[in-house]
Amino acid sequence: LLERARSERQRALAGLGTEDLSELREAVPTLFAGLSDSYYLHRGDDLSAQQHTAELLALLAQIDEEAMASALLWLAQLADTAPLQRLATALADAEPLREAVPGASGELLYVATTSAGRIVVGGRAENRYTGRFALVIDLGGDDVYLHQVGRVDGEQALSAIIDLAGDDEYSATADFAQAGALLGVALVLDLAGNDRYLAARFAQGATVGGGALLIDWAGDDEYSGQEQLQGAAFFGLAALIDGGGDDRYHGDQFAQGVGGPRAVGLLLDKAGDDHYFCGGRELSSYGTGGIFRGSGQGLGIGLRFHAAGGIGLLQDEGGSDHFQAGNFAQGTGYYYALGALLQGGDEDDSYTASRYGQGSAAHDALGAMLEDGGDDSYRSTFAGVVQAAAWDHSAALFIDRRGDDRYGRRPLHFSQGAAAVGSVALFIDGDGADSYQNRTARRGISDQDNPSFGFFADLGAAQDRYLGFEPPPSAPAIVRGTGRHTLWLDAAAEITALEASPERWLLRDE
């Protein structure tokens with residue numbers, strides 16, 4: 001499997017020369033560090049910097065995506081648990097090695113050098129790994145993974161870490177570690193234990209020009225780092241999959257399901273009461289006091305004026321979860337990209353976002369937020385541009401299927417089905433007695449050259465509360481048109497009235 005993965009990775013890079021690969025290894029970390037300052041990658045009128053950026057992106061676009069995906073699939077077959085359990089049984093009575101193994105210490109049972117790199121197998125005691133290996137298999141114990149272990153930086157083609165049990169500690173100060181890959185493929189599989197992951201950048205399921213996969217099947221885990229983390233991909237595929245437990249995710253920026261150009265980034269959490277945080281370091285690029293950047297939690301992002309974006313997904317399949325993020329997060333698309341946040345289950349969830357969040361999009365993009373059920377709470381620290389807000393030839397979708405939901409603690413602007421400059425926004429709430437506090441939620445902005453359409457619908461039969469609306473909805477309110485290309489529906493009364501009087505809801509330009 002290691003050899004097949006290595007061969008496919010070589011095929012993926014066959015179109016790039018030695019100097020090209022060297023340039024990418026050296027320049028990519030600095031290039032994407034520019035995203036911390038601006039979605040434009042760099043500010044000002046430095047034409048040489050812009051030209052260099054264009055050249056680097058053109059090189060990344062020459063990677064054979066199908067071959068690199070194939071390399072990751074071969075490596076991912078190491079995650080088959082049946083042969084791993086057979087291996088653990090077969091080595092139950094194995095004697096530890098007597099010779100020293102550079103880059104590893106503790107109870108070590110096997111070491112070998114292969115064409116793909118070194119392989120080491122650790123026993124059930126506490127082990128410590130710090131060096132470079134193609135494959136680490138550890139049978140148990142509270143282990144520590146530090147420094148270069150698991151790092152794929154272009155020179156190292158691939159790496160896999162498989163830990164069968166124990167409360168483990170993963171800590172990396174270098175980029176592209178903990179299932180982080182530059183121009184290669186990386187895997188981390190942890191089957192059990194309450195594990196802690198701490199990293200700087202490009203880690204915990206993250207890649208540029210490669211493939212990366214982190215799977216943690218069980219335990220109350222903690223994932224923490226700075227940026228480009230937890231299912232973040234640019235020119236490649238990356239995913240973080242957590243199988244269960246009450247987990248905590250923390251990232252400063254570009255974390256928790258981010259898809260950049262020619263990429264798909266995914267964070268999938270299968271179960272548990274989880275906490276997600278993205279933000280808290282860089283100030284808002286709009287200069288808004290007290291507001292931070294986020295750029296995550298289901299963000300599809302393009303590089304403004306350089307490259308169209310990809311697909312960023314955050315999917316949580318159940319549990320009572322809490323999401324908090326800065327600008328551009330929670331199901332947001334930016335610049336020819338798709339971002340989505342998908343929340344399953346009927347538990348009560350809470351969401352706090354800032355500017356552009358909770359199913360929003362800007363600049364020829366798509367954003368979506370889909371919530372299955374529960375009595376959910378939605379807030380915006382910026383007090384607007386959330387919950388189906390689309391700007392500049394974009395489309396935004398927000399759906400909460402059921403539950404007694406609360407939307408905001410103060411009035412919002414340009415939210416809940418607001419569209420402008422040639423855009424479409426759809427806000428739909430299903431069953432439940434909901435509470436809205438909003439004055440301008442239903443406003444659609446249009447002009448003759450860029451018509452837009454905003455749609456707000458509460459489809460539940462229960463009585464809803466509208467606080468601060470001007471004018472307040474009449475009761476029972478079936479349909480109210482509040483402006484050109486805008487439709488508002490509250491179906492607490494007989495929805496069949498729509499069919500009887502279509503002229504009431506088919507709005508025209510006049």
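A residue is called buried when its relative accessible area is under 20%. In this predicted model, that description fits both Phe 398 and Tyr 407. The two residues also form an aromatic pair of the edge-to-face kind, with 6.0 Å from centre to centre and 70° between the planes.

Aromatic pairs can be found elsewhere too: a search of the whole structure gives 32 of them. Another example is Phe 176 with Phe 202, which counts as stacked because the ring centres are 4.5 Å apart and the planes meet at 10°. This pair joins distant parts of the chain, since its members are 26 residues apart. Phe 176 sits in the loop between strand S9 (169–171) and strand S10 (180–182), while Phe 202 belongs to strand S13 (residues 201–203). Both Phe 176 and Phe 202 are buried.

Turning to the nonpolar interior, the largest core has 75 residues, and Leu 2, Phe 32, Leu 60, Leu 75 and Val 208 have the most contacts inside it. Helix H2 (residues 18–33) supplies the largest share of this core, namely six residues. A separate core contains 38 residues, including Leu 108, Leu 314, Phe 323 and Leu 341. Leaving aside residues up to four places away in sequence, Phe 32 touches Leu 60, Arg 201, Phe 202, Val 208, Gln 228, Phe 234 and Leu 303.

Finally, the surface has a nonpolar patch formed by Leu 237, Val 264 and Ile 311, which together have about 180 Å² of accessible area. Ile 311 lies in strand S25 (residues 311–316), and Ile 311 counts as partly exposed because its relative accessibility is 32%.

How values were computed:
Residues numbered from 1 in each chain as written. Predicted model: local features only at pLDDT ≥ 70, side-chain atom pairs only at ≥ 80, totals over all residues. Heavy atoms only, no water. Patch = residues over 30% accessible without salt bridge, like charges linked within 9 Å, V, L, I, M, F, W, Y side chains within 5 Å. Areas by Shrake-Rupley, 256 points an atom, 1.4 Å probe, with all protein chains shown as cover. Salt bridge = Lys/Arg side-chain N within 4 Å of Asp/Glu carboxyl O. Helix = DSSP H or I, 4+ residues; strand = E, 2+ residues; numbered from the N terminus. Buried < 20%, exposed > 50% of the residue type's maximum accessible area, 1.4 Å probe, protein only. Core = buried A, V, L, I, M, F, W, Y, C linked by side-chain atoms within 4.5 Å. Contact = heavy atoms within 4.5 Å. Phe/Tyr/Trp six-rings, centres within 6.5 Å; stacked < 30°, edge-to-face > 60°.
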